[in-house]
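Student: I would like to learn how to read a ligand site in a model. Can we work through one case?

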Amino acid sequence: MTTHVIPQSVPHTNRQTLLVCFLAALAGLLFGLDMGVIAGALPFLAKEFGLNSHQQEMVVSVMMLGAALGALCSGPLCSRLGRKKTLLIGAALFVVGSVGCAFAPDLQMLVISRFLLGAAVGVASFVAPLYLSEIAPEHIRGSMISLYQLMITIGILAAFLSDTAFSHSGNWRWMLGIITFPALILFAGVMTLPESPRWLMMKNKNALAQKVLMLLRSTEAEAHAELEAIRESVKITQRGWQLFRANSNFRRTTYLGVLLQFMQQVTGMTVIMYYAPKIFAIAGFASTEQQMWGTVIAGLTNVLATFIAIGLVDRWGRKPILKLGFSVMAVCMALMGYMFFIGITSLAQQYTAVTLLLIFITGFAMSAGPLIWVLCSEIQPLAGRDFGVTCSTMANWIANMIIGATFLTLIDNVGSAGTFWLYAGLNVLCIILTLLFVPETKNISLENIEKNLMAGLPLRSIGSSL
Ligand code: BGC
């Protein structure tokens, strides 16, 4: 990711650039669609194939295994083939995985197809934000990362809606198969994208890089200024692994990135996204229709609350929002656990539980949802950024897999109340970890963060001005 400075007087963003950013952010939509779709499809396919809790967890979590591996391979693929071709591979995997799920004759084929979809999601979650950060001009770069999270939440909501539409017939094959169409649109869209000028410069294709920048920037002067800045920044070669071995300061931010992604997952939001209808069933909503509509409302809350983060992140800063978000989530999880403990018997109790669930989702979407991705892309020093972001993105998927693979087993073994109390405790732990290790990076340049880090400042202070 580049950290060059573009003149502040940039008047407006070229429409072509916005279109390019939108097409790349479509990968976030697919990410969300594939994450969200399984919640509604699971009860139906579990019935058809006669799956027990363990097998259901496997169907959910094999996607995360694929995503972790997809993210791991994306780094080298991206630097060898370029951002565009890697994104194309991701889009093709989305198509193949969706078709495979729709026609899966048995559990094995379904698991293989979900693994391929996971690989696609892993590629998308690494390449799309990277490409966006390289293609978007400095003055809209921050909002692009949050916009990417917004696309994820819209994808999850769209999946919940389509699940609801197909729930009358119980046709899980259509639920999973319909994603083939947006996947094809992504593939066609990515075909029209230009290659990242930064990657072109790294490969010494300077004339091509210039051509792309001329197309994407409003004025020739702007394109030239950026070209020069990229020329400077690509002199710093990516040497992540060597840097990781040699430099203890870089090791600290690599570990912090991994920790941040684990924190995002242990909030419990992911299980709510995967198992929403099941949670509504535990809360006493017996009919499939009630469960599906509840799930749609959960998805809508997730989309809308993401706007709170977009509006507040550069005003309040990252740390206060994170502390608030984790606190809201801890309280909601503890209260939901209590309600499951005493038993949900009346309608009033059912609606109280749902309200708590929606407040929990708001807590996540306004804080850890987008902010963890923002922080992970801000804290790494330039020379190790690809490596650092690969590690944290992989950690997201590994943690996601552990959480997805253990939820039903936890419910079976320690009960719903115990499971929700466990997540409440983990959210409290996240508040403590935020206080101890997370820096405030609002209004500070990436170069400044890097200088503080390399000067050996404690992690929580690397965002202070020099
Ligand atoms: C997280 C996912 C989560 C989603 C919910 C993403 O940032 O990585 O695990 O399910 O947000 O919106």
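Tutor: We will go through the ligand, its shell and the domains in turn; note that this is a predicted model.

Student: Which residues are closest to the ligand, and how many surround the ligand?

Tutor: Begin with a list of neighbours. Here 14 residues surround the ligand, and the closest are Gln149, Gln264, Gln265, Asn302 and Trp373.

Student: What are the distances from oxygen atoms of the ligand to polar side-chain atoms of Trp373, Gln265 and Asn396?

Tutor: Polar contacts are read as pairs of N or O atoms within 3.5 Å. For Trp373, a polar side-chain atom is 2.8 Å from a ligand oxygen. The side chain of Gln265 places an N or O atom 2.9 Å from an oxygen of the ligand, and for the side chain of Asn396 the corresponding distance is 3.3 Å.

Student: How much of the ligand area does the protein bury?

Tutor: Compare the ligand alone with the ligand in place. Alone, the ligand exposes 310 Å², and the protein buries 100% of that area. The ligand sits in the largest cavity.

Student: Which elements give two or more residues to the shell around the ligand?

Tutor: They are helices H5 (138-167), H12 (248-266), H13 (269-282), H17 (368-378) and H18 (385-437). H5 supplies the largest share, three residues.

Student: How do the shell residues divide into nonpolar, polar and charged?

Tutor: Sort the shell by residue class. Nine of its residues are polar, five are nonpolar and none is charged.

Student: Which domains each give at least three residues to the shell?

Tutor: Place the shell on the domain map. The chain is divided into domain 1 (14-193), domain 2 (203-235) and domain 3 (237-466). Domain 1 and domain 3 each contribute at least three shell residues. The C-alpha centres of domain 2 and domain 3 are 36 Å apart.

Notes
Residues are numbered from 1 along each chain as its sequence is written. This is a predicted model: local features need pLDDT of at least 70, side-chain atom pairs count only at pLDDT 80 or more; totals for chains, interfaces and linings use all residues. Side-chain values use heavy atoms; hydrogens and water are left out. A residue is near a molecule or strand if one of its heavy atoms lies within 4 Å of it. A polar contact is a pair of N or O atoms within 3.5 Å; within protein, one must be able to donate a hydrogen and the other to accept it, and residues adjacent in sequence count only if both atoms are side-chain atoms. Accessible areas come from the Shrake-Rupley method with a 1.4 Å probe; for residues, only the protein chains shown count as cover. On a 1 Å grid over the protein atoms alone, a cavity is a set of points where a 1.4 Å probe fits but cannot get out, and a pocket is an open set with protein on both sides within 12 Å along at least five of seven lines; lining residues have an atom within 4 Å of a point. A molecule sits in a cavity or pocket if more than half of its atoms lie within 2 Å of its grid points. Helices (H or I, at least four residues) and strands (E, at least two) are DSSP runs, numbered from the N terminus. Ala, Val, Leu, Ile, Met, Phe, Trp, Tyr, Cys and Pro count as nonpolar, Asp, Glu, Lys and Arg as charged, and the others, Gly among them, as polar. Domain bounds come from an automatic or database domain assignment.
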